[in-house]
Amino acid sequence: MLRNLLNQRGSLRDLLNHRWLRWPPVLLTAIVLLSGCSGNESVAPPRPSGDSADARAAQAQTTLSDLVDALEAHDAKAASGLAVADARPNVAALVSNAATLDLRDLSMRLVDDETALSASDRDRYGDTAWAATVELGYRIAGWDDQPTRLETRVVFVPSGGRSLIAGVGGGDGRTPLWTTGPVTKLVAGRALVVTSGDNGQRYFSLARQALVDVGKVLPGWHGRLVVEVPASQDQLDQALAAPAEQYANIAAVTTSVDGSLVPGSPVHVFVNPEVFDKLGPRGAQVVLSHETTHVATDATFAPVPTWLLEGFADYVALAHAGIPVGTAASQILARIRKDGPPDHLPTSTELDPTANGLGATYEEAWLATRFIAREYGEDKLIAFYRSVSGGQAVGDAFRRLLGTTEAAFVKRWRADLRDLAGGVAG
């Protein structure tokens, strides 16, 4: 995940101002209280009682089951017949996207038929519309090992004893990219890029190079990379069920598609085009290579301290990028010249997204992993990361793999930082 790199101007002076971050989705949760006079307050849907409520839910489930059948059969005509007129183009796109992405293990199950509609939704869909929370399951064949299962919203309108689909997505649930409109798929080897629209060639080239970059440091990884590129930041927020503006300064994030931390859940890289598209070629490549490292190391599920998690991903992305350390670490070196070197490895608090000087602190984390590689060898750094990722305490990994203590390591690292800030070390 990356901080804003808008001031890059062809160099990496502000590259690590972003310090692309990957935070567990639970840390990104926010509760928004809407004022009753906001004009967009949530309104409870009309709720039938008794048998009529059961009938409504049964009708909706029948529609959902029929839609799954149409998606599996790639039958756009049948799918369109399950929707109101205004929703038919989007429902037809669902069929096209399911075929394009070769979606398997499709399922839709109504789990709650009392989801609130906002006043603006009522204006859009009508007073008889109601929304349901639906568990959506799917798997991109050849790319996802297990199905994704997430909750999304489906809006229904009663019509002639049926419940027709009026809208898919929005609300508080997740809205997968393939449910928002036509998508384009670009594939080569182990890279898959899915974009909203047909503007994905740049991302595709970067994804392919990211696999090369990661392979130079982690040659034993032969996994697959899936990159999803929404059309806007709003689409990104909807795909990740994120509060508005949560990713306003973020170029990319690696996370499970369903937001869970259950090992084995499909993990994709999600791009924020409104930030990413403003990056220069080098910055964009480092971003995607960094995120690909997270995929390669199962970072989404790893119990690794943030300094090591993000520092290692930076190390892999920058190891063969040909970017001088004085450029890539300009912020932390400037801070050291002013305040002296840190006396400890970056803490989770210092690496919190709300912390001051975050860019410099992430550069600091990178320089810590870089120092391990320079002093002990790249193989030792990789072994150190894997050991901690596998559950070993950091202190134990320092002693067992590096033959030192964390305190002794920090002392030597501080000396290296002083040399770097003074222009001595390379």
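The largest cavity in this predicted model is lined by Leu 64, Leu 67, Leu 94, Met 108, Val 134, Leu 136, Thr 152, Val 154, Ile 165, Val 168, Trp 178 and Thr 179. Its volume is about 80 Å³. Four elements, namely H2, S4, strand S5 (148–159) and strand S6 (162–168), each supply at least two residues of this lining. The structure holds three cavities of 30 Å³ or more.

**Overall make-up**

The protein chain has 426 residues, of which 53% are buried. Its secondary structure comes to 16 helices and 11 strands. Of the contacts in the chain with a separation of 6 or more, 68% are between residues 24 or more positions apart.

**Nonpolar cores**

The largest nonpolar core has 75 residues, and the members that touch the most other members are Val 227, Phe 276, Trp 307, Leu 367, Phe 384 and Trp 413. Helix H13 (residues 358–376) gives the most to this core, with 10 residues. A second, separate core has 44 residues, among them Val 68, Met 108, Trp 130 and Ile 140. Met 108 of this second core also belongs to the lining of the largest cavity.

Which residues does Phe 384 touch, not counting those up to four places away in sequence? They are Trp 307, Leu 308, Ile 372, Val 394, Ala 397, Phe 398, Leu 401 and Leu 402. One of these, Trp 307, is itself listed with Phe 384 among the residues of the largest core that touch the most other members.

**Salt bridges**

A search of the whole structure finds 10 salt bridges. Three of them are set out below, with the N to O distance for each pair.

| Residue 1 | Residue 2 | N to O distance |
|---|---|---|
| Asp 113 | Arg 56 | 3.8 Å |
| Arg 139 | Asp 105 | 2.8 Å |
| Arg 399 | Asp 396 | 2.4 Å |

Asp 113 forms a salt bridge with Arg 56. Asp 113 lies in strand S2 (residues 103–115) and Arg 56 in helix H2 (residues 51–73), so this pair ties together parts that are 57 residues apart in sequence. Asp 113 and Arg 56 are both buried.

The side chains of Arg 139 and Asp 105 also meet in a salt bridge. Here strand S4 (residues 130–140) holds Arg 139 and strand S2 holds Asp 105, so the pair ties together parts that are 34 residues apart in sequence. Is each partner buried or partly exposed? Arg 139 counts as buried because its relative accessibility is 18%, under the 20% limit. Asp 105 has a relative accessible area of 40% and is therefore partly exposed.

The bridge between Arg 399 and Asp 396 lies within one element: both residues are in helix H15 (residues 394–402), three residues apart, about one turn of the helix. Arg 399 is partly exposed, with a relative accessible area of 48%. Asp 396 counts as partly exposed at 34% relative accessibility.

**A polar contact in helix H16**

Asp 416 is found in helix H16 (residues 406–421). With 8% relative accessibility, Asp 416 counts as buried. Which side chain does that of Asp 416 contact? The partner in this polar contact is the side chain of Arg 374, at 3.0 Å.

**Two further buried residues**

Thr 292 lies in helix H9 (residues 281–296). Its relative accessible area is 0%, so Thr 292 is buried. Leaving out residues up to four places away in sequence, Thr 292 touches Ala 210, Leu 211, Val 214, Trp 221 and Leu 225.

Tyr 203 has its place in helix H6 (residues 201–217). Tyr 203 counts as buried, at 6% relative accessibility. Apart from neighbours within four places in sequence, Tyr 203 is in contact with Val 193, Thr 195, Val 229, Val 271, Pro 273, Phe 276, Asp 277 and Leu 288. Phe 276, one of these contacts, is also among the residues of the largest core that touch the most other members. How far apart are the C-alpha atoms of Tyr 203 and Glu 228? They are separated by 9.3 Å, with the two residues 25 residues apart along the chain.

How values were computed: Residues numbered from 1 in each chain as written. Predicted model: local features only at pLDDT ≥ 70, side-chain atom pairs only at ≥ 80, totals over all residues. Heavy atoms only, no water. Core = buried A, V, L, I, M, F, W, Y, C linked by side-chain atoms within 4.5 Å. Buried < 20%, exposed > 50% of the residue type's maximum accessible area, 1.4 Å probe, protein only. Contact = heavy atoms within 4.5 Å. Salt bridge = Lys/Arg side-chain N within 4 Å of Asp/Glu carboxyl O. Polar contact = N/O pair within 3.5 Å; in protein donor to acceptor, adjacent residues only side chain to side chain. 1 Å grid on protein atoms, 1.4 Å probe; cavity = no way out; pocket = protein on both sides within 12 Å on 5 of 7 lines; lining within 4 Å. Points joined across faces, edges and corners; volume = space filled by probe spheres on them.
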